[in-house]
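Got your viewer ready? Load the model, pick a cartoon view with side chains on demand, and we'll walk through it stop by stop.

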Amino acid sequence: MDTPLVVAPEEWLAARKDLLAREKEVTRAKDAADAARRALPMTEVTKDYTFTGPGGQLSLADLFAGRGQLITYHFMWRHAESGFPGQDQGCPTCSFLVDSIGDLSHLHASDTTLALVSRAPYASIGRFRKRMGWQLPWYSSAGSDFNYDFHVSFDEARAALEYNYMDQETLQRKAPYIRSGTDGAGVSVFVREGDRVFHTYSAYQRGLDSLLGTYRWLDLTPLGRQRHVTEFPYHDAYDQQP
């Protein structure tokens, strides 16, 4: 492996202070972007979406679980309908992200619910959730327009393809893997005022990078991330490797 140069403590300290100045620039830029995100206008969600959970059918408002804010992670599913014949399991890259989610009580204390949503049968979701050992809420959007309206499932028969705010022509050049029948990862944020639900934010692709907790730790190390996010296996697969 490539290791850093070995230098005297004084030289290391000087280099570290130079880096600290750059890190502070990044922090200030992120603070500004975070403030701009909070200041985004919102749009009302007027369509009725139906989800399936452990107790049966739910609305989008039900997913808030009585709280004022809702974060939905659009978890990709691998099955024939999304381009993976013979499979019926969650996406390994989305699984890598969800492995980074910790105890939800801090979010709940901040009047915020976090839930996963997938275009998959609820029975399949329940089986995979048990396999991964996760406790966070996870709902099926199968049969609903939810995934399509928030641009994480693609069907040209329904609408022109759009992902990460790129139209179909741009996607053909920059992301040709986005095509009818496939899914994409994303996160969408909603707020509730009484019975009214509003969409405030959605992000895709590298916009999800900050949610990859394993990367946040690896970024502190000399070896860094070591592999692309799509190269990480399911966490239960490490025990199966020689």
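How many aromatic pairs does the count come to? The answer is 22 aromatic pairs, in what is a predicted model. Let's start the tour with a few of those rings.

**Stop 1: the aromatic cluster**

Select Y73 and F75 and show their side chains. The ring centres sit 6.2 Å apart and the planes make an angle of 90°, so this pair is edge-to-face. With a relative accessible area of 4%, Y73 is buried. F75 is buried as well, at 2% relative accessibility.

Keep F75 on screen and add F128. Here you have another edge-to-face pair, with 6.4 Å from centre to centre and 65° between the planes. Now colour by secondary structure: F75 is in the loop between β4 (69–74) and β5 (77–78), while F128 belongs to helix α4 (residues 122–132), so the pair ties together parts that lie 53 residues apart in sequence. Is this pair buried or exposed? Both F75 and F128 are buried.

Next, widen the selection to Y73, F75, W77, F128, W134, W138 and Y234. Ring pairs link these residues into a cluster, so give them one colour, following the ring pairs that connect them.

**Stop 2: zoom out**

Hide the side chains and take in the protein chain as a cartoon. You should be able to pick out seven helices and ten strands. Along the principal axes, the C-alpha atoms fill a box of roughly 65 × 50 × 40 Å. Of the 242 residues in the protein chain, 38% are buried.

Turn on a surface if you like: the protein chain exposes about 14500 Å², and 54% of that comes from carbon and sulfur atoms. For a feel of how the fold is wired, take the contacts between residues at least 6 apart in sequence; 61% of them join residues at least 24 apart.

**Stop 3: H199 on strand β10**

Go to H199, which you'll find in strand β10 (residues 196–204). At 16% relative accessibility, H199 counts as buried, because the cut-off for buried is under 20%.

Show the side chain of H199 along with S202 and Y201. The side chains of H199 and S202 are joined by a polar contact of 2.8 Å. A polar atom of the H199 side chain also lies 3.1 Å from the backbone oxygen of Y201, so keep the backbone of Y201 visible for this one.

Which residues is H199 in contact with, leaving aside its neighbours within four places in sequence? Select M42, T43, V45, F150, S188, V189 and F190 to see them.

**Stop 4: salt bridges**

A search of the whole structure turns up 17 salt bridges. Begin with D34 and K30, whose side chains meet at 2.8 Å, N to O. D34 and K30 are four residues apart in helix α1, which means about one helical turn separates them. D34 is buried, with a relative accessible area of 15%, whereas K30 is partly exposed at 47%.

Now centre on R225. One salt bridge links R225 to D209, with the closest N and O atoms 3.1 Å apart. This pair links distant parts of the chain: D209 is in the loop between β10 and α7 (213–218), and R225 is in the segment after α7, 16 residues apart. D209 counts as buried at 14% relative accessibility, while R225 counts as partly exposed at 24%.

Stay on R225 and add D219. D219 also forms a salt bridge with R225, and the closest N and O atoms are 2.9 Å apart. At 38% relative accessibility, D219 counts as partly exposed.

Before leaving the charges, select K47, D145, D149, D155 and R158. Salt bridges that share partners join these residues into one network.

**Stop 5: out to the surface**

Finish with the surface back on and select L5, V7, W12 and L13. What do these residues make? They form a nonpolar surface patch of about 450 Å². W12 lies in helix α1 (residues 9–38), and W12 counts as exposed at 53% relative accessibility. You have been on this helix before: α1 also holds D34 and K30 from the salt-bridge stop.

Terms used: Residues are numbered from 1 along each chain as its sequence is written. This is a predicted model: local features need pLDDT of at least 70, side-chain atom pairs count only at pLDDT 80 or more; totals for chains, interfaces and linings use all residues. Side-chain values use heavy atoms; hydrogens and water are left out. Patches are made of residues with over 30% relative accessible area and no salt bridge: like charges are joined within 9 Å, nonpolar side chains (Val, Leu, Ile, Met, Phe, Trp, Tyr) within 5 Å. Accessible areas come from the Shrake-Rupley method with a 1.4 Å probe; for residues, only the protein chains shown count as cover. A salt bridge is a side-chain nitrogen of Lys or Arg within 4 Å of a carboxyl oxygen of Asp or Glu. Helices (H or I, at least four residues) and strands (E, at least two) are DSSP runs, numbered from the N terminus. Buried means under 20% relative accessible area, exposed over 50%, partly exposed in between (1.4 Å probe, protein chains only). A polar contact is a pair of N or O atoms within 3.5 Å; within protein, one must be able to donate a hydrogen and the other to accept it, and residues adjacent in sequence count only if both atoms are side-chain atoms. Contact means heavy atoms within 4.5 Å. Rings of Phe, Tyr and Trp (its six-membered ring) pair if their centres lie within 6.5 Å; planes under 30 degrees apart count as stacked, over 60 as edge-to-face and the rest as tilted.
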